[in-house]
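Let's take a walk through this protein together, from its charged pairs to its greasy interior and its empty spaces. Have the sequence and the model open as you read.

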Amino acid sequence: MTTSATFEATHQAPGHLRNTAGFTLYELLVVLGILSLVMGVSVGVVQRSVPRRELARNQIIDRIQRARSFAQRESAPAWMVITPGTEERWPVASALGLKVVGQWHLEDDSAVGFPEDGKVTGWEETQPGVIGQALLLSDQEPSWIRFGRHSSFESEEGLGFEIWVKPRGQWPRQLASKGEVFQVACDAEGRLSARVRLQSKAGGRPVIESLETEEAVLVAGEWTKVVFTFDGFVLRLEANDFPVATKSLQEPGRLLPDSQAPLMVGRESQPFSAVVDEVRFGSFVRDSSEPLIDMVLLSEARRVRFAPGGELDPQEHSAPVELGMADVAGAEMWIRVGLLGDVN
């Protein structure tokens, strides 16, 4: 039986409730508050104790690896770029690489592909291609293929275009274009040329950058894989996977897009007179780090270019690249990228 004393000891007023450890509810709340405060301070101390240079090192290495992955996955050059800081902004590391946003196999005149099917005008017949079948475009009437105006074609960072072509004869033809944004052409002797339209930094007229091959590249009756890329730093023409013309800009440039201009093979006003196959279009995309807080760039090198295989591009680098930064206290950190793309 429970006595009145026992009842009073175990059934006190709410303000005097005690747990089995002997603490009042008020005391327990005070203890929990102190623990929360201590834990909060501890987390902040731990966060501030991590050196800024180590955080920056991890961010830069991550972007180097992403850029190298871009190059290997798309078989196209890619960059890791450190944008130096200003009085208003901390430095940022970015991976810049090509992403395929359009592809058409051209098995027949339906031009099935993504992001939408092409529209073929002036085709004569299908012929054996480099993969499956290919389209022969007329030499008697204007002939071209229109691939549309998809939003994924509108990158300011850069572009890549690829086509397999077998000319029927030797005369000038425009291989590809997107309005004035970019054009790739061939002259009567088979020399290639390309141009891009860039934004003006001073707010004036657009800037046109161009390049051309010194020797003939296209030969009548023979298949040639033509690739043109502009990545913000370099214009590059390739034929059958070999560079045939390159031009490096003194300062990086950004494309001036035109959402109303369709991506095309050929020109509406002239015969194309060639067999075409395997068209691809890519846009360069940028993957940037968080701001590298409290960091200052030390090295003259601020960018790394990877070749399609993932090694350093020999046309840009003749030796390993050393990237150096320091925090506001003067503590330095250095990252070395080897010729094979390895990071130390």
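**A guided walk**

Let's begin at Arg 66, which is partly exposed at 35% relative accessibility; here buried means under 20% relative accessible area, exposed over 50%, and partly exposed in between, with a 1.4 Å probe and protein chains only. Before going further, please keep in mind that this is a predicted model, in which local features need pLDDT of at least 70 and side-chain atom pairs count only at pLDDT 80 or more, while totals for chains, interfaces and linings use all residues. Residues are numbered from 1 along each chain as its sequence is written, and side-chain values use heavy atoms, leaving out hydrogens and water.

The side chain of Arg 66 meets that of Asp 287 in a salt bridge, at 2.4 Å from N to O. Arg 66 lies in helix H3 (residues 52–74) and Asp 287 in strand E17, so this pair ties together parts that are 221 residues apart in sequence. Helices (H or I, at least four residues) and strands (E, at least two) are DSSP runs, numbered from the N terminus. Asp 287 is partly exposed too, with a relative accessible area of 23%. A salt bridge here is a side-chain nitrogen of Lys or Arg within 4 Å of a carboxyl oxygen of Asp or Glu. Side chains of opposite charge can pair when their charged atoms come close.

The structure holds 26 salt bridges, and two others deserve a visit. Asp 62 forms one with Arg 63, where the closest N and O atoms are 2.8 Å apart. Asp 62 is partly exposed at 24% relative accessibility, whereas Arg 63 is buried at 8%. Next, look at Glu 238 and Arg 236, whose side chains meet in a salt bridge of 2.8 Å, N to O. Glu 238 is buried, with a relative accessible area of 10%, and Arg 236 is buried as well, at 6%. Salt bridges that share partners join Asp 231, Arg 236, Glu 238, Arg 305 and Asp 313 into one network.

Now turn to Lys 99, a residue of strand E2. Lys 99 is partly exposed, at 47% relative accessibility. Its C-alpha atom is separated by 6.0 Å from that of Phe 284, although the two residues are 185 residues apart along the chain. Leaving aside neighbours within four places in sequence, Lys 99 is in contact (heavy atoms within 4.5 Å) with Glu 74, Phe 281, Gly 282, Ser 283 and Val 285.

Phe 281 leads us inward. The largest nonpolar core has 43 residues, and Phe 281 is among those that touch the most other members, along with Ile 145, Phe 161, Phe 182, Phe 228, Val 265 and Val 276. Such a core is a set of buried Ala, Val, Leu, Ile, Met, Phe, Trp, Tyr and Cys residues joined through side-chain atoms within 4.5 Å. In soluble globular proteins, nonpolar side chains tend to be buried together. Which residues does Ile 145 contact, leaving aside its neighbours within four places in sequence? They are Leu 106, Lys 119, Val 120, Leu 135, Leu 137, Leu 263, Met 264, Val 265 and Val 276. A second, separate core of 23 residues includes Met 80, Ala 95, Val 321 and Leu 323.

Finally, the empty spaces. On a 1 Å grid over the protein atoms alone, a cavity is a set of points where a 1.4 Å probe fits but cannot get out, and a pocket is an open set with protein on both sides within 12 Å along at least five of seven lines; lining residues have an atom within 4 Å of a point. Grid points are joined across faces, edges and corners, and a volume is the space filled by probe spheres set on the points.

A search of the whole structure finds 1 cavity of 30 Å³ or more. The largest cavity has a volume of about 60 Å³, and its lining includes Phe 182 and Phe 281.

The largest pocket holds about 620 Å³ of space. Of its 27 lining residues, Lys 201, Glu 251, Pro 252, Gly 253 and Arg 254 are the closest to its centre. Strand E1 (78–83) gives the largest share of this lining, 3 residues.

The second largest pocket has a volume of about 220 Å³. It is lined by 18 residues, with Ser 75, Ala 76, Glu 162, Val 227 and Arg 280 nearest its centre. Strands E2 (92–104) and E17 (274–288), both met earlier, are among the elements that give two or more residues to this lining.
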